[in-house]
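I opened this notebook to write down, step by step, what I looked up in one structure and what I found there.

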Amino acid sequence: MTNRGSIDGDGLRKHPVLGVDTVGDARVVRLGGELDLYNAAQVRSALADACAEFPERIVVDLGEVEFIDSTALGVLIEARARLVNRDGLLLAAPGLETRRALQISGLDQLFTVHDSVPEALGAKV
């Protein structure tokens, strides 16, 4: 499932879910653009679908995220709560602004944050 380049419902923004890939026993959910109240439902749906497959881990690729608000951070927390092994939800490749939002909110202490998707895929869960 790749949605790169598709336009969000408001006609101005790209869809926040760029794709969902399977890598071994893991799901990689690629997010991008601005993650906020207006598209949180799309992110929530993609993460819920990934969780429903009971993968060993879900890697949320934040490499193309330009902005993330508290609603979207809450969606990440909800997704983590859906997993039997909550440590199986890993965040990868956050940019400077996204990393700052994780640090300010304290979520960098709740989630394991990796510098890259391959690093997250190889990490112990």
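The entries below go from the sheet to single residues, and I keep in mind throughout that this is a predicted model.

**Entry 1: the sheet.** I began with the strands and found that 5 of them form an open sheet with mixed pairing, in the order β1-β2-β3-β4-β5. I noted that β1 (17-23) and β5 (112-114) stand at the edges, and because each has a single partner strand, one side of each is left without a neighbour in the sheet. I also looked up the turn between neighbouring strands, which is 25° on average when direction is ignored. As background I wrote down that strands of a sheet pair through backbone hydrogen bonds, either parallel or antiparallel.

**Entry 2: β2 and β3.** For this pair I found the parallel sense, over 9 bridges, and I looked up one partner in particular: E34 has F67 in β3 as its bridge partner. The helix α1 packs on the sheet, where it touches β1, β2 and β3, and its direction makes about 175° with that of β2.

**Entry 3: R27.** Is R27 buried or exposed? I found R27 in strand β2, which covers residues 26-35, and with a relative accessible area of 14% it is buried, because the cut-off for that word is under 20%. The side chain of R27 is joined to that of E53 by a polar contact of 2.3 Å. Not counting residues up to four places away in sequence, R27 touches several residues, including D21, A50, P55 and I58.

**Entry 4: D61.** Next I turned to D61 in strand β3, which is also buried, with a relative accessible area of 15%. What does the side chain of D61 reach? I found that it reaches the backbone nitrogen of G63, at 2.9 Å. Leaving aside neighbours within four places in sequence, D61 is in contact with V28, V29, R30, L31, A92, A93 and V117. I also noted that the C-alpha atoms of D61 and V17 are separated by 10.0 Å, although the two residues are 44 residues apart along the chain.

**Entry 5: two loop residues.** Before looking at phi angles I reminded myself that most residues other than glycine have a negative phi. A93, one of the contacts of D61, has a positive phi of about 60° although it is not a glycine, and its place is in the loop between β4 (89-92) and α3 (96-105). F54 has a positive phi too, of about 50°, and lies in the loop between α1 (40-52) and β3 (57-68). F54 counts as exposed, because its relative accessibility is 67%.

Definitions and conventions
Residues numbered from 1 in each chain as written. Predicted model: local features only at pLDDT ≥ 70, side-chain atom pairs only at ≥ 80, totals over all residues. Heavy atoms only, no water. Helix = DSSP H or I, 4+ residues; strand = E, 2+ residues; numbered from the N terminus. Buried < 20%, exposed > 50% of the residue type's maximum accessible area, 1.4 Å probe, protein only. Polar contact = N/O pair within 3.5 Å; in protein donor to acceptor, adjacent residues only side chain to side chain. Contact = heavy atoms within 4.5 Å. Pairing = 2+ DSSP bridges. Axes fitted to C-alpha atoms, helices over the stretch in contact; angles between N-to-C directions.
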